[in-house]
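Q: Can you take me through the aromatic contacts in this model?

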Amino acid sequence: ESSLKIGSAQLGPISLAESRYDVVKRLLALLYKAHSFGVKFIVFPELALTTFFPRYWMTNQVDVDRYFETKMPNEVTQPLFDAAKKLGIGFYLGFAELSEEDNRIRRFNTSILVGPDGKIIGKYRKIHLPGHSEKRDDVPFQHLEKRYFEVGNLGFGTWPVFGTRVGMAICNDRRWPETYRVMALRGARVVVLGFNTPTENINHDEPLHLRMFHHRLVMQAAAYQNGMWIVATAKAGYEDGFHLHGGSCIISPTGEIVSQSTTEDDEVIVYDCNLKLGDYILNSVFNFKKHRRIEHYGPITSQ
Ligand code: CDT
């Protein structure tokens, strides 16, 4: 089978007051809708169970830890795994992960890859953490990922599933070419990611249209340069007054957007992806073995 029907399951906003239980109900509705469209692999957003909490300055660790999962699956998310198994759909899900490792509590911005049997196949912990770690008084909202998460320690993994090889990234990772190239070198033909992107750039008075332009530019270029499919899923809309842009999309190895969301709400978009489409690119202009010149790439890993 050389085609795979992939769905991007965009979420509208999750308010501070919304419970995980209610969010999972929304995720389930999207999963069932995707199934009715014949989807075999569905991609949920980054931090898909809670509001985008790094926008809030919190000094009490207990307040921060309320947003984290200590187990996956857990009581609240188990129905998602059960439904995936019943329907034979795999999924990507982003969440805040709290784990005890090396005799200490560690916190990561994490995604998991779940197979159509409802079992976790792979885990990724976000490597490019944007934002800052101290309170900024000069901005309308915070972006405290560097405070609340550690840099991921699992590298950029890829996993054989759905008749192809899948890699995972999370939000800001999508802006970095290295993310995709490392996964392409590890055989990834489909890269999936979720994102929460504030519409307002707190570092620069950036025209609105540039936010969406850059979002698409980086992924369309990466898809072509690595002969891969890229599926990007937003959490979008106003979360308690703070706007996240939408623009969930499915991008083919030619660099073209073949499907994109039209709302800032819960929405499923779908595309039947030809898994061989990238072959000609990887066999010709981007034949890595033939044409890469790693002897000239030193600075990429040495500084
Ligand atoms: N969630 C996330 O990584 N968002 C970032 C915002 C960058 S501005 C601090 C992004 O790259 O979309």
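What follows is a short chat about ring pairs and their surroundings.

A: A note beforehand: this is a predicted model, where local features need pLDDT of at least 70, side-chain atom pairs count only at pLDDT 80 or more, and totals for chains, interfaces and linings use all residues. Residues are numbered from 1 along each chain as its sequence is written, and side-chain values use heavy atoms, with hydrogens and water left out.

Q: How many aromatic pairs are there?
A: The count is 13, taking rings of Phe, Tyr and Trp (its six-membered ring) with centres within 6.5 Å; planes under 30 degrees apart are stacked, over 60 edge-to-face, the rest tilted.

Q: How is the pair of F53 and Y148 arranged?
A: F53 and Y148 are tilted, 6.1 Å centre to centre with 40 degrees between the planes. F53 lies in the loop between β2 (41–43) and α2 (61–65) and Y148 in helix α4 (residues 145–148), so the pair ties together parts 95 residues apart in sequence. Helices (H or I, at least four residues) and strands (E, at least two) are DSSP runs, numbered from the N terminus.

Q: Is F53 buried or exposed?
A: F53 is buried, at 0% relative accessibility, and Y148 is buried at 5%. Buried means under 20% relative accessible area, exposed over 50%, partly exposed in between (1.4 Å probe, protein chains only).

Q: Which cluster holds F53?
A: One aromatic cluster is formed by F53, Y67, F68, Y148 and F149.

Q: Where does R174 lie?
A: R174 lies over the face of F195, 4.6 Å from the ring centre. The rule wants NZ of Lys or CZ of Arg within 6 Å of the ring centre and within 35 degrees of the ring normal.
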